[in-house]
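Colleague: I should be grateful for a close look at a single part of this model. Please choose one helix, describe the helix itself, and then set out its contacts and its surroundings.

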Amino acid sequence: MSQDVHADLPTLDQVLSRKTLPPVCLYNFYIVMRDRLKMEEILDFYLDLQHHELLWKKYVKAMHRTGHLSEDDLSEGYQSPRLLSRLSHSPQQEEVEKIPSRKELAESAQRLLLRYLVPSATKEVTQLPSELRESLVKDLQKTEARDDPLLFAEAKQYILEYMQRFAYPKFLRLKAWGNVTLYQQLGRLVVGLVCLLAALTTSLCFIFLGYPQWGTRFWVKI
C-alpha cells in the first residue's frame with residue numbers, strides 16, 4: 001500500500017525541474033528546507049548548479065550556430081570530453097552577442113566556489129564529503145580553472161541523493177500526507193486547549209453549584 005502511495009506522488013527530479021503543482025512544488029520544498037529542516041544551502045547549491053549547466057548549454061549552442069562546433073562535436077552530449085577539448089581551442093565570443101560568454105561561465109563557476117565550497121563560505125555546503133569539496137576548491141583555484149559542468153557532476157549527484165534520502169521524505173510527510181501547515185497545527189492546538197479548559201471550568205462550576213450529575217452536568221459533558 002505504501003509503495004502505491006509513493007508511486008502516485010511526484011519525484012524529487014520533477015519537483016526540482018518545476019514540473020509539479022502545489023503543495024508538492026519547488027517553492028514549498030524550499031520553504032520546508034529553509035524553515036523546518038535548516039538545510040536550504042544544499043538546495044541553493046543544486047539550483048545554482050542547474051543554472052550553471054543552463055549557461056553552458058546556451059554557450060555550446062551559440063558556438064554551434066557560429067560554426068565553431070559541428071554536429072559530430074555535439075553527438076556525444078553537452079559535457080563530452082570531445083566537446084570540452086574543442087571548446088578549449090575555440091575563440092572568445094564578442095561581447096555584442098546576447099549569449100553567455102566564456103568569461104560569464106568562469107564567473108559563474110567562481111561564484112559557486114566562493115558561495116558554497118570554500119571554508120566559512122556564506123552558504124557552505126558542509127554535507128559534501130571533505131575530499132570532494134577540497135578537490136573542487138583545488139580545481140577552481142587553478143590559474144586555468146575549469147568552468148564546465150562536468151567538474152561539478154559528482155557533487156551535484158551527491159547532493160541530489162542526499163536530498164532524496166534525508167529531505168524529500170520529510171517534505172512529503174509535511175506537504176503531501178499532512179493537510180495543515182505548522183501555523184494551522186499550532187492554531188488548532190490552541191483552540192483545542194481553550195475549549196478543553198472552558199469545558200473543565202464549566203463542569204467544575206456545576207459541581208460546586210450543586211447541579212445533579214444526570215441533569216445539566218450530563219449535557220455539559222456531551
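Modeller: What follows is an account of helix 4 and its surroundings. The model is a predicted one, and every value below is computed from it.

Helix 4 covers residues 40-65, which is 26 residues. From its first C-alpha to its last it reaches 38 Å, close to the 38 Å expected at 1.5 Å a residue. After the helix comes G67, whose phi is positive, near 90°.

Helix 4 packs against helix 7 (residues 102-117). The two axes come within 10 Å and cross at roughly 170°. Angles over 145 degrees count as roughly antiparallel, and helix 4 is therefore roughly antiparallel to helix 7. On the helix 4 side the contact is made by E41, D44, F45, D48, L49, H52, L55, W56 and Y59. They meet R102, L105, S108, A109, L112, R115, Y116 and L117 of helix 7. By class, the residues of this contact are 10 nonpolar, 2 polar and 5 charged. The general geometry of a helix helps in reading such a list: an α-helix has 3.6 residues a turn, so residues three or four places apart point the same way.

Helix 4 also packs against helix 9 (residues 153-175). Here the angle is about 140° and the axes are 10 Å apart. Helix 4 is therefore oblique to helix 9, and their crossing is left-handed. The residues that helix 4 brings to this contact are I42, L43, F45, Y46, L49, Q50 and E53. Their partners in helix 9 are A155, K156, I159, L160, Y162 and M163. This contact divides into 10 nonpolar residues, 1 polar and 2 charged. F45 and L49 deserve notice, as they appear in the contact with helix 7 and again in the contact with helix 9.

Each of these two partners has a further link. Helix 7 packs against helix 8 (residues 130-140) at an angle of about 140°, with the axes 10 Å apart. Helix 7 and helix 8 are therefore oblique to each other, and the crossing is left-handed. A109, Q110, L113 and L117 of helix 7 meet R133, L136, V137 and L140 of helix 8. The residues of that contact comprise 6 nonpolar, 1 polar and 1 charged. A109 and L117 thus touch helix 8 as well as helix 4.

Helix 9, for its part, is joined to helix 3 (residues 26-36) through an aromatic pair, one of 6 such pairs in the structure. The ring centres of F29 and Y168 are 6.0 Å apart and the planes lie at 80°, so the pair is edge-to-face. F29 belongs to helix 3 and Y168 to helix 9, and the two residues are 139 residues apart in the chain.

Two backbone details in the loop between helix 2 (12-16) and helix 3 complete the picture. A cis peptide bond joins P22 and P23, with omega about 10°, and P23 lies in that loop. R18 is found in the loop as well. Its phi is near 60°, a positive value in a residue other than glycine.

How values were computed
Residues are numbered from 1 along each chain as its sequence is written. This is a predicted model: local features need pLDDT of at least 70, side-chain atom pairs count only at pLDDT 80 or more; totals for chains, interfaces and linings use all residues. Side-chain values use heavy atoms; hydrogens and water are left out. Axes are lines fitted to C-alpha atoms, for helices over the stretch in contact, and angles run from 0 to 180 degrees between N-to-C directions. Helices (H or I, at least four residues) and strands (E, at least two) are DSSP runs, numbered from the N terminus. Angles under 35 degrees count as roughly parallel, over 145 as roughly antiparallel, 65 to 115 as roughly perpendicular and the rest as oblique. A crossing is left-handed if the near helix is turned anticlockwise from the far one by less than a right angle, and right-handed if clockwise. Contact means heavy atoms within 4.5 Å. Ala, Val, Leu, Ile, Met, Phe, Trp, Tyr, Cys and Pro count as nonpolar, Asp, Glu, Lys and Arg as charged, and the others, Gly among them, as polar. The expected span of a helix is 1.5 Å times one less than its number of residues. Rings of Phe, Tyr and Trp (its six-membered ring) pair if their centres lie within 6.5 Å; planes under 30 degrees apart count as stacked, over 60 as edge-to-face and the rest as tilted.
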